[in-house]
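Work through these exercises with the structure open beside you. Try each task before you read its solution.

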Amino acid sequence: MRFDFKGMIAGLALSTVLTAAVAQAAENEIVIGAPISLTGPLAGDGKEQRWAYEQAVADVNAAGGLQVGDKKLPVRLVIADDESSEGKVAAALENLIKVQKVDALLSTHSGPMNVAGAIVAEKYKKFYMITTAFPFEWQPLKAKYSALFFFHPGPGAEVPFQIWEKLPEDQRPKNPALVSEDTPDGKGFGGAFVGAAEKYGYKFAVNDPWTVGATDYSALVTKLKGANVDAMLVFGSPADTITLMRQMKELGFSVPYFHGWKGTWTGEFHDALGADSDYILTDGFWSSHYPYTGSKELGERYEKEYGKDSVTVGAFYANAQVLARAIEKAGSTDAGKIHDAIFGQEFKDTVVGDLKFDETGFALIPSVATQWWQGKHQLIFPDGDWTYKPAPAWDKR
Amino acid sequence: MTEIPSLQVLLQLTVNGILGGAMYGVAAVGLSLIFGTMRLIFLAQGAMIILAAYFVRALFQGLGIDPFLSLPIVITVGAGVGWLIYQGLFRRAAAMEDRNVSLLIAVGLMFLVQNLMTVIWGGNTAGVVTSYTASGIGAFGIRMSFTRSIGFLIAIAGTALVMLFLKKTLVGKAVRAASEDMTSAALLGISPHRVNAIAFSIGLALAGAAGVAVATTFPFNPFAGFVFSLKALVALAIGGIGNVAGALAGGIILGLIEAYVQYFISGGWTNAFGYGVFLLVLMLKPEGLFSRPYKKA
């Protein structure tokens, strides 16, 4: 093999120029990385998340960038596809940290994926700002270089009962049922619902787990019908919940109160059911009906672009807001300094309201309840301006 | 455990189970044919069903063709795709003694199709909403899903046509001969590649038919097909690997098991019972409930 001295010199020169360019870029901008599910089963959620992060970064840059020390630096967002896979989050983060040389990170979504991300952030000492993971999943890590805001399953599971308490006596369910998917999340949430039901003096007439991805829930519907169920709390994926709803209609069974978690808030739920999605209550992390600065405008911006509303983009936007403000407060992208700027600190007036982080780096937000009405989410809880409408029988809609 | 239900509820559960199981059955029939000639568990069958469902949706949304009326188009395209897939992907591997290569190709194809669908249509749950979506029909106090009822008829008609083809046509007899003993069939002048390609064509035509049933009945996403592949595999084992009518019957039995378990025990137990029966059948009657010890297509 011949030794190509000229080639080696040229390679070294190119590498020196590139390194200098990266260093120059690093001094002149802040690079934020985000693993997002661009492909795979969670790509629909990932699309909303990407949009929200891009909006937040664009807004920061429109305001002149982030004040870091005596400089105002523009922010650049770099995204890596985590393929909706827990196993791929680590690879996406390593790519962002080692190849893209990001300064700090915004989270992907869902508990297990964010836990995987937090572990990598801890290893490389890069700050990872998280939303959409339950605290019981993330807190055992005792992470120094990540912080989280989200809701607890416990208070989240109390939401329907708090809504029922405010209803006139004759509209309160007598025979509620709990249908929760047969997964760790479903079991965790299911247990929280059972505890909340006991606390508020209710007993489930049917409490049945359902299988993820099954194509037939007609036997479950037959069972619910036989038990004269008048309210359903349902934890399941969009596809499964749509199948369940369709089968309920096919079999002529409806309940006045149907409240879904995980599967009912997405636009695809409404797209697949059309007018049949009216009256359905759904969870969410945010509402454009919130009175906080920028909430309404963000909702309008999303609606203008996609022709539908969202109950998630605000949470992701707020995630970027917190990280941006923390970098300014820290005057640095150093993970330790960002930690100090977030842990035990309060962030006022984000698009999800005030966020008060405790000493573990966790801040609580309320679980939202909205009711689908003509393709829009109408806010019921907390402090919604919409009056709950009980669903009539299918043939009376 | 639920109390003993009325006769009407039992009938309702039985109807539910039959209609739900027929969906597995039609997927299993395609799997059965391909296995019969190639000894290959075509794990991409579910992904192909979902691909067909997206095609049905595109025809409906783009050209306004009613999903059920698109059946001839989807079946024809499915058959063509099946032929091409065999010739392009499996032809060389089929000549190899090691079946694992074909299995790996099937797995690779499944992932490729899943991810291509995600890139093209996104990962969101999709669906076809027609005037008859989620409508039911009732008789004698029993309610039935309209689209599942049509899906059931498609499954019965598809299986009957495949059986007629296999028993009454010369090409069909060649496919059967090849599935009994490929070496002897080849010595008699039957081209292995031709019968394999025909089996793939029919298998994917049936995936097309199943895709129509899926598109009209379920919401779907690019990854929803794997469940169909798994259930079809269970149906195949219950009914008899390589037995076309048995595959449909296996699907219906699986549907009935799921319906009864969901009602009498709990929804969380349906898969456990389904796969439990699958293992039991393989242990006690490995040739399947409806097959003689020497399998026939």
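Two strands count as paired if DSSP finds at least two bridges between them. Keep in mind that this is a predicted model.

**Exercise 1. What do β13(A) and β14(A) form, and how many residues lie between them?**

Step 1. Locate the strands: β13 covers residues 346-350 of chain A, and β14 covers residues 353-356 of chain A.

Step 2. Check the pairing. The two strands are joined by three bridges, in the antiparallel sense. In one of these strands, β14(A), L355(A) is the bridge partner of F347(A).

Step 3. Name the motif. β13(A) and β14(A) make a hairpin, with two residues between them.

**Exercise 2. Find the order of the seven strands in the open, mixed sheet of chain A.**

Step 1. Read across the sheet: β9-β8-β10-β11-β12-β16-β17 of chain A.

Step 2. Look at the edges. β9 and β17 (376-381) of chain A each have a single partner strand, so one side of each has no neighbour in the sheet.

Step 3. Add the twist. On average, neighbouring strands of this sheet are turned by 25° against each other, direction ignored.

Step 4. Zoom in on one pair. β10 (residues 231-235) and β11 (residues 257-261) of chain A run parallel and share five bridges. Here M232(A) stands opposite F258(A) of β11(A).

Step 5. Place a helix. α8(A) packs on the sheet and touches β8 (176-181) and β9 of chain A. The direction of α8(A) makes about 175° with that of β9(A).

**Exercise 3. Describe the open sheet of six strands in chain A. Is its pairing parallel or antiparallel?**

Step 1. List the order: β4-β1-β5-β6-β7-β15 of chain A. The pairing is parallel.

Step 2. Mark the edges. They are β4 (75-81) and β15 (362-364) of chain A, each pairing on one side only.

Step 3. Give the turn between neighbouring strands: 20° on average, direction ignored.

Step 4. Take a pair as an example. β6 (residues 128-131) and β7 (residues 146-150) of chain A are parallel, with four bridges. T131(A) faces its opposite residue, F149(A), in β7(A).

Step 5. Add the helix. α12 (residues 313-330) of chain A lies across β1 (30-36), β5 (104-106) and β6 of chain A. α12(A) runs at about 150° to β6(A).

**Exercise 4. Which element gives the largest share of the side of chain A that touches chain B?**

Step 1. Count the residues in contact: 37 of chain A and 39 of chain B.

Step 2. List the elements of chain A that each supply at least two residues to this side. They are α2 (43-62), β9 (206-210), α8 (218-226), α9 (238-250) and α10 (267-273).

Step 3. Pick the leader. α9(A) gives the largest share, eight residues.

Step 4. Sort the side of chain A by class: 13 nonpolar, 14 polar and 10 charged residues.

**Exercise 5. Why can chain B be called as compact as a globular protein of its length?**

Step 1. Survey the elements. Chain B has 11 helices and two strands. From the N terminus on, they run α-α-α-α-β-β-α-α-α-α-α-α-α.

Step 2. Compare the radii. The radius of gyration of chain B is 19 Å, close to the 19 Å that the globule rule gives for 297 residues, so chain B is as compact as a globular protein of that length.

Step 3. Add burial. Of the 297 residues of chain B, 56% count as buried.

**Exercise 6. Where in chain A does pLDDT stay under 50?**

Step 1. Start with the whole chain. Chain A has a mean pLDDT of 90, and 93% of its residues reach 70 or more.

Step 2. Find the stretch: pLDDT stays under 50 over residues 17-25 of chain A. For these residues the model has one contact beyond four places in sequence.

Notes
Residues numbered from 1 in each chain as written. Chains lettered and ligands numbered in written order. Predicted model: local features only at pLDDT ≥ 70, side-chain atom pairs only at ≥ 80, totals over all residues. pLDDT = per-residue confidence, 0-100. Contact = placed C-beta atoms within 7 Å. Nonpolar A, V, L, I, M, F, W, Y, C, P; charged D, E, K, R; others polar. Rg over C-alpha atoms; globule rule 2.2 N^0.38 Å. Buried ≥ 20, exposed ≤ 12 C-beta atoms within 10 Å, placed from the backbone. Axes fitted to C-alpha atoms, helices over the stretch in contact; angles between N-to-C directions.
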